[in-house]
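Reader: I should like to understand how the terms used for a bound ligand are justified. Please explain the reasoning behind each one.

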Amino acid sequence: MRVGVIGTGHVGLITCASFAAVGHDVVGTDADRSKIDALSTGDMPFHEPGVADSIRAGMAGGRLSFSHETADAVREADVVFVCVGTPARASGEANLVAVEQAAREVVAHASAGLVIAEKSTVPAGTADRLTRSVALQRPDIAGSVEVVSNPEFLREGHALHDAMHPERILVGADSDAAFDVMRRLYEPFTSEGARLIETDIRTAELAKHACNAFLALKISYANALARLCERAGADVEAVTEVMGADSRIGPAFLNAGLGYGGYCFPKDLVAFDHLASSLGYDFAMLREVARINDEAIDATLEKVRDALWNLEDKRVALLGLAFKPGTDDVRIAPALMLAQRLRELGATVVGYDPHAAESAVRAQPELEVAPTAYEAAREAHCVVLCTEWEEFQELDFDKLGEIMATRVFVDGRNAIDGERAVAHGFHFYPTGRRPLTPGRA
Ligand code: UGA
């Protein structure tokens with residue numbers, strides 16, 4: 001089948017790669033001309049495992065191309081995906097200007113029978129708005145161009161894997177004809193066992209927000225437990241292990257730490273709350289989830305202050321700057337928020353990240369970064385682990401201790417074996433567990 005993709009950010013590019021990989025003919029386009037120029041020569045705009053190879057393979061095989069012209073992505077297409085950003089307005093409401101603009105451009109070049117699929121995360125009711133604007137813009141084809149909802153469930157860092165092996169595919173549509181197009185499109189995945197869930201459009205739109213908000217809720221539940229365990233002298237890792245062993249709860253997304261970040265959870269939670277209140281429902285639980293998430297940064301900051309006392313003359317090293325491992329994305333990264341708070345209290349902050357240093361400095365030019373974890377830790381009074389990159393498992397505490405001004409380690413992700421750090425003279429502050437002190441470990 002022929003597929004057009006509008007917007008080549010994280011979602012759009014993986015949509016391009018995965019549909020080309022299963023044999024569809026895909027054309028991607030983006031309002032940012034420089035992105036298309038770079039992609040056409042095989043350059044990737046971000047770090048995402050496997051995507052560069054997959055994009056290049058699609059292009060080399062003649063199944064994937066990029067164009068400046070929306071018309072190239074729409075002409076002859078069976079389905080065009082709208083994958084543009086839906087940032088939050090100051091009020092928290094999702095800003096759908098880019099979605100509307102993209103759809104208008106698609107509709108300008110559309111022929112009868114085209115399916116326009118929303119992949120961007122949008123509030124319930126958006127497809128209805130799009131359908132109404134198609135009717136206004138192109139009365140000639142209005143009845144035969146359909147808008148469907150097909151939310152993505154990709155995790156950054158695993159996005160290509162998630163796209164190629166989806167746990168579920170969600171399609172919300174209003175007609176058998178539209179469902180049929182989407183079934184044919186996803187046949188290479190469903191024939192391998194992927195589950196296709198079909199709903200009405202508003203249900204699909206709402207389900208995407210419901211999933212992200214619930215995952216955020218699980219994380220905040222674990223973080224609230226961490227605060228309680230710290231006060232009670234209990235161990236949050238053991239508590240969540242017990243919880244996770246109950247198949248009704250499950251172990252995923254119960255890792256206490258610095259909290260969730262990234263482009264999706266923080267913005268989607270606020271947008272979902274905004275949608276609920278616009279429909280007359282006060283979804284107060286969502287605001288509490290966000291409050292607990294902010295509190296996780298405060299709690300980590302307090303550990304640093306507890307260990308170091310005044311911060312004015314202190315140097316703090318942050319290990320990991322990306323909002324999670326496996327990506328160079330620092331949007332709403334807890335590490336950068338912590339850096340900001342530490343600086344406000346007078347500390348000198350130096351960060352290290354194996355992939356996100358460049359994007360971190362772009363986002364926060366005042367941030368000093370170092371080329372290795374040890375260089376970041378040199379002369380530091382405290383190290384805070386902010387993102388649980390695999391390589392931090394191998395930290396040499398002997399070496400670290402020798403180059404630091406004082407041996408204090410705050411584990412903001414419970415990723416390190418504290419006993420190992422303490423054996424090298426470190427004062428070790430985990431999250432939601434008892435601090436460990438040399439001589440009393
Ligand atoms: C999230 C969802 O997991 C995807 O299903 C969804 O498609 C995507 O948003 C989206 O809407 O586009 P992503 O933002 O890539 O994916 O990241 P996650 O792996 O979900 O992690 C989000 C944040 O939660 C990270 O900062 C991570 O460190 C944090 N987290 C995760 C915790 O603090 N504790 C946990 O137990 C799990």
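Reader: What makes the pair formed by Lys-208 and the ligand a polar contact?

Author: A polar contact is a pair of N or O atoms within 3.5 Å; within protein, one must be able to donate a hydrogen and the other to accept it, and residues adjacent in sequence count only if both atoms are side-chain atoms. A polar side-chain atom of Lys-208 lies 2.6 Å from an oxygen atom of the ligand, so the pair meets the 3.5 Å limit. For Leu-154, a backbone N or O atom is 2.9 Å from a ligand oxygen atom. This is a predicted model, in which local features need pLDDT of at least 70 and side-chain atom pairs count only at pLDDT 80 or more, while totals for chains, interfaces and linings use all residues. Residues are numbered from 1 along each chain as its sequence is written, and side-chain values use heavy atoms, with hydrogens and water left out.

Reader: Which residues are the closest to the ligand?

Author: The closest are Glu-152, Glu-156, Lys-208, Asn-212 and Cys-264, among 21 residues that surround the ligand; a residue is near if one of its heavy atoms lies within 4 Å.

Reader: Why is the ligand said to lie between domain 1 and domain 2?

Author: Domain 1 (2-199) and domain 2 (200-441) each give residues to the shell around the ligand, and therefore the ligand lies between them. The domain bounds come from an automatic or database domain assignment. The C-alpha centres of the two domains are 33 Å apart.
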